[in-house]
Amino acid sequence: MSLAPDGHLLIIGAGLAGYYTARQMRTQGHTGPITILGAEEHPAYDRPALSKAYLCGTTDLCDLYLDDPSDPLDVRWVRSDAVIGLSTQPLGVQTASGTFYLGDAVVIATGAEARRLGGHAIRSVEDAAALRAAPLAGARVAVIGGGFLALETAATCTTRGAGSVTVIAGEELPGLRRLGQPVAQALHRLHQEHGVRFLGSARALSVNPVPAAADGCRSVRPQARQPAALQGSQAPGPHSITLSDGRSIEADVVISAVGAVPATGWLTRSAVALDPVTGAVLADDTGFTGIPGVWAAGDCALWAAQRTGLRPVGHWQETVDQAQAVASALLGGIPSPMQEPYLWSDQHHVTIQAAGMLALADEVKVLAGTIESGDLLVSYLRDGTEIGILGMNRLREVVRWRRSRRVRPAALAA
Ligand SMILES: Cc1cc2nc3c(=O)[nH]c(=O)nc-3n(C[C@H](O)[C@H](O)[C@H](O)COP(=O)(O)OP(=O)(O)OC[C@H]3O[C@@H](n4cnc5c(N)ncnc54)[C@H](O)[C@@H]3O)c2cc1C
């Protein structure tokens, strides 16, 4: 089932998963042709900075390119041509421009698309550029969502001089359900210290432009509940956000960071099995979809361990590890073991790093630091056994923990 050394690999999606799969294929010795097909017009770029340095204006798109000009990938890049269909016999893909590409194996790496509740979203560089260009200084900013992306964006908006930043996190404290009380309290405090306001457990139901009154002034009309608009960045002018507790708030800039959906619409009529809830491509823990020659990695995929909640979805390190595992499996080499899940986030002056199976924990214990000083080190346990760790500005401790849990490839461990 592995790819012959001269076999042609098609990679669909020129993002992190696509790039790293190709890079790993070359590192692990594949000499056959590789074609990477991407919908975007830009060279493959890294997304984490979009909500941080790029949004702040301290870095530009060219600084985010994944390929290294001093050691460029030996691949054929096809840009601005979205893949619209997968054929299994013969194996290949059809693009929007009408071209059919034949391959000996296909890696699906089309990532995800932002769920859009209204206002701005941040998934692509165009999304981030639109928000970067928005007049944030002095503006009333509302951020919908309580995940790391929402909190990072809120932090960046304060740095950009927003007049006020309100986060609609939909839970009493941001991150309470996922990270537990101490971390949620520390995050709440950190953001409040920088002027960010939270609206407790209220959820945003809809976002609507505030209509201009006949005399040219704008007035707030009572909002009828309506389905969330799914598309588009923010129209000019203030917007009103209707909340689940009956209130509504007005903001000049609205940002939705309410999750992402796998970009798999182009596969709905293919033989590939999609998760009925999320639409992600279902794969085993090597990325194999069950269809000969077809593999999947990154935010568009749901591997078996992710389905059971053992591993997280939608993080940078998870994507890179999956790309490496897919390349090893495609080449029939020693399976590359997945390491403990790892993620990070930068908010104000704090770097938050988490490693391990946090989602499975039934107990959270503070190991060091305080909520007030924002330097927490927290242990996550299940049935009394430590299964994860989270540090706020605790680089050394998290690195040490990850190192102690490192899984070596079977051949080296023997
Ligand atoms: C703003 C932002 C900040 C983040 N910050 C962090 C962070 O701090 N820490 C962390 O751990 N993770 C972070 N992440 C998550 C991390 O960046 C993602 O997990 C990672 O980008 C996933 O890579 P991917 O290749 O699967 O998807 P993507 O990076 O989305 O790439 C998919 C590519 O496929 C293309 N594509 C889609 N459909 C088609 C099609 N039909 N045909 C051809 N091409 C197609 C897309 O245009 C895109 O270029 C962040 C993500 C975002 C958006």
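**A guided look at domains, ligand and backbone**

Guide: Welcome! The domain assignment of this predicted model gives domain 1 (9–114 + 260–330), domain 2 (125–256) and domain 3 (349–407).

Visitor: How do you know that residues of domain 1 and domain 3 are in contact?

Guide: Contact means heavy atoms within 4.5 Å. Four residues of domain 1 meet that limit with four residues of domain 3, while the C-alpha centres of these two domains lie 30 Å apart.

Visitor: What makes up the area buried between domain 1 and domain 3?

Guide: That area is about 280 Å², and carbon and sulfur atoms give 61% of it. On the domain 1 side, Gly309, Leu310 and Gln317 lose the most area to domain 3, together 82% of what that side buries. Such an area is often used to give the size of an interface.

Visitor: Let's turn to the ligand. Which residues are the closest to the ligand?

Guide: Ala17, Glu40, Arg47, Lys52 and Arg123 are the closest, out of 32 residues that surround the ligand. Three helices, α1 (16–27), α4 (148–159) and α8 (316–330), each supply at least two residues of this shell.

Visitor: Why is the pair between Glu40 and the ligand called a polar contact?

Guide: A polar contact needs a pair of N or O atoms within 3.5 Å. A polar side-chain atom of Glu40 lies 2.5 Å from an oxygen atom of the ligand, so the pair qualifies. Arg123 also passes, with a polar side-chain atom 2.8 Å from a ligand oxygen. For Ala17, a backbone N or O atom does the job, at 2.7 Å from an oxygen atom of the ligand.

Visitor: How much of the ligand does the protein bury?

Guide: Taken alone, the ligand exposes 1000 Å², and the protein buries 92% of that.

Visitor: How many residues of the shell are nonpolar, polar or charged?

Guide: The shell has 16 nonpolar, ten polar and six charged residues. Glu and Arg count as charged, so Glu40 and Arg123 belong to the charged class.

Visitor: And the backbone? Why is the peptide bond from Gln89 to Pro90 called cis?

Guide: Its omega is near 0°, and the bond is cis. Most peptide bonds are trans. You can find Pro90 in the loop between β4 (83–88) and β5 (91–95).

Visitor: What makes Ser80 worth a look?

Guide: Ser80 has a positive phi of about 55° although it is not a glycine. Most residues other than glycine have a negative phi. Look for Ser80 in the loop between β3 (76–78) and β4.

Key
Residues are numbered from 1 along each chain as its sequence is written. This is a predicted model: local features need pLDDT of at least 70, side-chain atom pairs count only at pLDDT 80 or more; totals for chains, interfaces and linings use all residues. Side-chain values use heavy atoms; hydrogens and water are left out. A residue is near a molecule or strand if one of its heavy atoms lies within 4 Å of it. A polar contact is a pair of N or O atoms within 3.5 Å; within protein, one must be able to donate a hydrogen and the other to accept it, and residues adjacent in sequence count only if both atoms are side-chain atoms. Accessible areas come from the Shrake-Rupley method with a 1.4 Å probe; for residues, only the protein chains shown count as cover. Helices (H or I, at least four residues) and strands (E, at least two) are DSSP runs, numbered from the N terminus. Domain bounds come from an automatic or database domain assignment. Buried area is the accessible area (1.4 Å probe) that two parts lose on being put together, summed over both.
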